[in-house]
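Here are my notes on the model you sent over, set out as numbered points. I have kept to chain B and tried to put the definitions where you will need them.

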Amino acid sequence: MPEVSPDQYLALFRDMWRVRKFEQALEREFKRGKVPGMLHVGLGQEATLAAIAHSLRKEDGIFPDHRCHGLLFLKGTPGKKIMAELFGRATGICSGKGGSLHSADASVNNFGDNGVQGSYMVTALGVALGWKMQGKNNVSAVVVGDGTSGRGEWHESMNLASVWKAPVFFICVNNGYAISTPVGFSHATEDLVDFAKSYKIPAVQVDGNDVLASFQATQEAVAHIRAGKGPYFVEYKTWRWQGMFSGEFRPAEEVKYYKEDHEPIALAKADLLKKGIASPEQLDAIEKEAEAEIEEWVSYAQNSPLPDPAKATANVYIGWEVESWQS
Amino acid sequence: MAVITTVQALNDALGLMMAEDQRVYCLGEDIGKMGGDFGVTRGLYDEFGGERVRDTPLSEAAIIGAAVGSAMVGMRPVAEIMFADFIGTCYDQVVNNAAKVHYMFDGQFRAPIVIRTACGGGFGGGPHHSQQIEGWFMNVPGLVIVAPSNPHDAKGLLIASIEDDNPILFLEHKALYRQKGEVPEGKYTVPLRKAKVVRPGKDITVVTSMKTLYDAMAAANELEAEGISVEVIDLRTLRPWDHQTVLESVARTGRAIVVNEAPKIGGLAADVSAVISEEAFSYLKAPVMRVCGLDTPIPFSLPLEKLILPDKDRVKQGILKVCGK
């Protein structure tokens with residue numbers, strides 16, 4: 001197991017809070033009607049997201065899933081540009097044309113989320129293939145949920161990544177439910193590593209609410225891929241706070257377990273205190289700093305202009321323009 | 001100038017582009033040592049190796065996805081979908097990814113891919129090996145559909161498609177694969193989004209593509225003796241198609257027929273016909289007519305298949321009707 005320094009541990013802890021505060025602010029603004037469209041947040045999955053972000057280099061590729069707003073800024077994109085994108089503003093990273101489900105940033109090799117769950121698993125395969133053919137050493141990381149394991153692209157991408165020894169990092173955030181359907185109800189296994197193993201891809205399970213365990217598993221995965229040994233699969237067992245459209249549907253004891261007894265930030269905090277890495281005051285200060293930073297992004301987004309109307313018809317084709325109402 | 005088949009012309013284009021540009025590679029089912037179901041990639045595996053002429057399993061979504069992903073990091077993939085009918089298995093990849101990555105991320109990424117696929121009926125291929133599929137994609141912004149009708153255009157359009165930065169669906173009609181024609185050696189391009197007036201005429205414009213061009217030409221030659229002068233246009237790019245060439249022709253002739261092998265409802269011919277009516281109504285001496293496939297799947301038995309597809313006689317009947325004869 002790779003060692004984690006006190007500084008690294010604190011950095012992970014800080015980023016868990018940044019993800020938490022980002023998603024809470026976003027949920028609040030969504031309920032106020034300031035964020036259009038649909039919203040899926042990564043509350044409860046902060047440890048997994050921080051572990052992934054701290055294991056990838058800027059040049060590595062990321063395909064974030066719909067609960068990965070945190071990864072978008074942790075990968076290196078200015079957070080205010082992510083927030084502005086989610087508000088549909090001109091200053092957003094995709095000029096307001098992508099939104100929550102389609103926020104990409106080519107400058108940090110973030111290839112964007114996808115509205116069709118898992119559809120981009122084969123795109124991630126293609127990025128990995130392209131880099132391999134170009135002799136590059138980058139990792140192409142793709143985040144998918146448990147529900148995605150039912151989709152054809154899941155199986156097609158794993159089979160070919162294995163055959164081609166493509167540098168794909170399959171990140172499965174297993175939060176137990178695809179919308180309302182429990183994993184085990186609609187899949188042949190509750191342990192999605194089983195699928196990866198059948199494609200002869202090294203695959204491990206980790207407690208996705210344990211930030212150190214997640215970080216160490218992620219480091220090993222990335223080291224394996226970067227060494228040219230082909231794809232790797234990690235299943236992060238976690239749980240999402242957000243219920244679904246009609247509210248909470250899960251058993252009360254399960255909700256209590258994940259939101260109180262096995263809540264990722266509280267777990268990390270207790271461990272940091274126990275190991276004497278930081279004082280309670282220092283850890284509280286980290287939380288407050290994160291909150292202040294995120295609220296700055298929110299006000300930046302709210303005060304940003306709406307997109308230029310010309311953007312509606314821009315960048316459909318390369319080399320010619322489409323007809324607009326004026327023409 | 002060499003006289004070669006469409007298959008050889010396409011093969012020539014792929015070989016030239018792969019030799020010239022290291023970013024160009026091919027992927028698809030049985031395209032490697034075997035050279036593809038129709039032989040379009042024959043010999044390329046021996047020349048360029050298995051890394052650049054890449055055999056895949058029957059995973060069409062992964063074929064298109066891998067093409068798009070690699071294109072996003074700078075490669076120029078040419079993907080082969082063995083039969084156009086199979087493209088339903090990767091429809092999402094074409095429609096929601098290839099065609100949209102440039103727009104939805106506001107220009108940060110490009111997907112310069114070419115999807116080659118064998119289409120068209122008339123040979124007893126049955127319901128799943130015969131269809132004309134451009135209609136499935138007419139409503140997809142960001143996608144370009146190219147469809148050559150002869151060996152010369154096949155080579156020039158494929159080279160132009162590989163060099164273009166947009167995602168391109170490149171349709172190869174199976175009935176035209178073995179057709180021979182004069183093809184220049186070396187590299188040349190035929191422009192995309194540019195239709196061609198193949199046969200000038202004064203009385204009526206017939207808009208065609210791929211195999212229907214030959215039905216229209218045969219009908220036009222027969223009608224010449226009856227005193228009807230037919231102008232025949234080969235669209236070459238089906239989406240977005242060349243409005244200007246078609247409208248200028250209709251402005252000259254005052255009559256138009258649109259021929260398309262796919263079913264009439266909601267297809268390419270409907271769009272061409274609508275644009276002519278919208279933009280050239282004042283020139284029209286008669287309503288625009290569509291001569292298309294019937295609203296049926298493609299039956300297997302040859303006489304049944306012949307009943308549902310447009311042919312020379314059906315084009316001829318259409319011309320006579322629109323000309324009031």
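**Notes on chain B**

1. Strand β10 (residues 204-208) of chain B is joined to β13(B) by 3 bridges, and the two run parallel. Strands count as paired if DSSP finds at least two bridges between them; strands (E, at least two residues) and helices (H or I, at least four) are DSSP runs, numbered from the N terminus. Within this pair, B:V206 has B:I257 as its bridge partner.

2. A word on the ground rules: this is a predicted model, in which local features need pLDDT of at least 70 and side-chain atom pairs count only at pLDDT 80 or more, while totals for chains, interfaces and linings use all residues. Residues are numbered from 1 along each chain as its sequence is written, and chains are lettered from A and ligands numbered from 1 in the order in which they are written.

3. β13(B) also pairs with strand β14 (residues 289-293) of chain B, in the parallel sense and over 5 bridges. Here B:I257 has B:M289 as its bridge partner, and B:V259 stands opposite B:V291.

4. Is β13(B) buried or exposed? Of the 8 residues in this strand (residues 256-263), 7 are buried, so it is largely enclosed by the rest of the structure. Buried means that 20 or more other C-beta atoms, placed from the backbone, lie within 10 Å of the residue's own.

5. The wider sheet is open and has 5 strands in the order β9-β11-β10-β13-β14 (chain B), with mixed pairing. Its edge strands, each pairing on one side only, are β9 (196-199) and β14 of chain B. On average, neighbouring strands of this sheet are turned by 25 degrees against each other, direction ignored.

6. Helix α10 (residues 268-279) of chain B forms a right-handed β-α-β unit with β13(B) and β14(B); right-handed means that, with the strands pointing away from the viewer, the path from the first strand over the helix to the second runs clockwise. α10(B) lies across β10, β13 and β14 of chain B, at about 160 degrees to β13(B). Such angles run from 0 to 180 degrees between N-to-C directions, with axes fitted to C-alpha atoms, for helices over the stretch in contact (C-beta atoms, placed from the backbone, within 7 Å).

7. Finally, the whole chain: chain B has 12 helices and 14 strands. Its C-alpha atoms fill a box of roughly 60 × 40 × 40 Å along the principal axes, and buried residues make up 58% of its 325 residues.

How values were computed
A residue is buried if 20 or more other C-beta atoms lie within 10 Å of its own, exposed if 12 or fewer, and partly exposed in between; C-beta atoms are placed from the backbone. Two residues are in contact if their C-beta atoms, placed from the backbone, lie within 7 Å.
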